[in-house]
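Hello,

Here is the structure I promised to pass along. Have a look at it first, and then read my notes below.

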Amino acid sequence: AQNAAGHNVVHISVPEYDPDDDLEEDFFESIALYNKQSKKHVGSVEGGKEFPGDFPNEPIKISRAVMIRRTLVKIGVLCLLLVTALVASIVAYDTEKRNERPKPPIDTNPNAPPPIGVSIPLEFEETLAEWFDPNGNQPGVSASPSKGIRDDVPLYWSIPLSANLVVEDILGTCLNLVLAGEIGIVDGHDDDNTLKIVQLYGSAYVNVDISTKDGIDRAVHMNLIPSNIVDVLHTPLLHDATKLFTKPFVSQARVFTVLRHPIDRATAVYKYVRESRIQGHEDLQSMTLEEYAASSYVENNWLTRFLTEKLSPEKKLTEKDVQVAKEVLRRKVLIGMYDDILESMQLFQSHFHWTEDEDDLVTQCTERAAEEGMSKEESVDPPLEEGSEAWNLLMEQNQYDMDLYMYARALHQYQLDRVMGRRRLIDEKDIEGEFEIDEELYSMDVPESKKEVVPIPPLWKDW
């Protein structure tokens, strides 16, 4: 508007305001903008009143406090943007590192099986130690993550109907190891709020049950691994048990297991489900083994499916799945054999340094427990005849597992030789089938008394 003198006047109604408030900054900016555009003198304003006086057309001077505050705001916004970008970069890098597969250590033993060249499940890669890895704690050596020495825990992977009770009995009764399996929660110990060791059936157990998913979650919540009170974990749920190891750079699982011939185990499964009288499956009671092997109840390559997480029959197995399962066993599992449980227990004891070499009491206890336990495990029925109808039907369902089992037998022999310096007698069976003698390295022309020291390296090229 114009006043009586013809001057342009800005009418701005400003209530009583705090001089330090942002309104002051907006007010003066408005005046300066108008003053710059109009090229004429303007009247001053104060408290909503017009003053007729003119003043020179000059930029309005903003107070030093306002300038400092404006500068600080800009610096603050800039810092916030920089911090946000930095956090996003760190998160992206951490995610990339988590998804990046670490390079596995290499077994430099000249007789070691070569890498198969496939990736294994990520949870196995991150939380299961290489069976030959020297970076786990050894007797008399304390764990030191800063030096790369972890506080690893042995984990017995119990495969159904494969001498699990025998192994558990020897571990607890003969070796006096503290176990964490499924027995620890009996007598109301599943309601315990803290971890403790309880004596049950002549052995020491931690009051957890890691044979179920809920039990594993409870053990994680109770900090089972960081507690350092367990000597051996015992569970059939290998994949789920990896959740126990929340800090794999501090502790990893050292897996050992006992494998059984796939056809023998399939026969044992048939007898078990028939005798269990599972509700809703009464027709199993009247099935012959041949009928069972041809039915939908029969297991299909259970071991391969378990290791590759393809237990559902709808998921088709491929040759690559077998290679993945082999790589898991090659790198991550110390293997015992069902058909020689005593030798397998000696392998476990030697590898984990559980006993002295010449402990007669432990040896006698182990032999007695193995003999009594295996007599209960093994059926009184005659073994299934190779080439029979039932054998052929079961073989069709376990072709991949048979391939995996034969590879595991070769791994077992290599582990025996490496851990215990065990040497096998050369016999016709070895020469004909499973193993081949490298005549350049291992001469056959030796005295009879020296034949027991001739090693028999596996024919890895066949695998």
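**Rings, charges and a helix**

R260 lies over the face of Y338, 4.1 Å from the centre of the ring. Something similar turns up at W302: the charged end of R265 sits over its ring, at 4.8 Å from the centre. Please keep in mind that this is a predicted model.

Rings also meet one another here, and a search of the whole structure finds 10 aromatic pairs. One of them is formed by F256 and W354, edge-to-face, with 5.8 Å centre to centre and 65° between the planes. F256 belongs to strand β8 (residues 253-259), while W354 sits in the loop between α12 (341-352) and α13 (360-377), so this pair ties together parts that are 98 residues apart in sequence. Are the two partners buried or exposed? F256 is buried, at 0% relative accessibility, and W354 is buried as well, with a relative accessible area of 18%. Ring pairs also link these two with Y156, F348 and F352 into a cluster.

That brings us to helix α12. Its 12 residues reach 16 Å from the first C-alpha to the last, close to the 16 Å expected at 1.5 Å a residue. Because 9 of the 12 residues are buried, α12 is largely enclosed by the rest of the structure. Among the buried ones are F348 and F352, along with M345 and L347. The buried residues of α12 pack against β3 (153-157), α4 (164-174), β8, β9 (333-337), α13 and α15 (399-420). After the helix comes H353, with a positive phi near 55°.

Best wishes

Definitions and conventions: Residues numbered from 1 in each chain as written. Predicted model: local features only at pLDDT ≥ 70, side-chain atom pairs only at ≥ 80, totals over all residues. Heavy atoms only, no water. Phe/Tyr/Trp six-rings, centres within 6.5 Å; stacked < 30°, edge-to-face > 60°. Helix = DSSP H or I, 4+ residues; strand = E, 2+ residues; numbered from the N terminus. Buried < 20%, exposed > 50% of the residue type's maximum accessible area, 1.4 Å probe, protein only. Lys NZ or Arg CZ within 6 Å of the ring centre and 35° of its normal. Expected span 1.5 Å × (residues − 1). Contact = heavy atoms within 4.5 Å.
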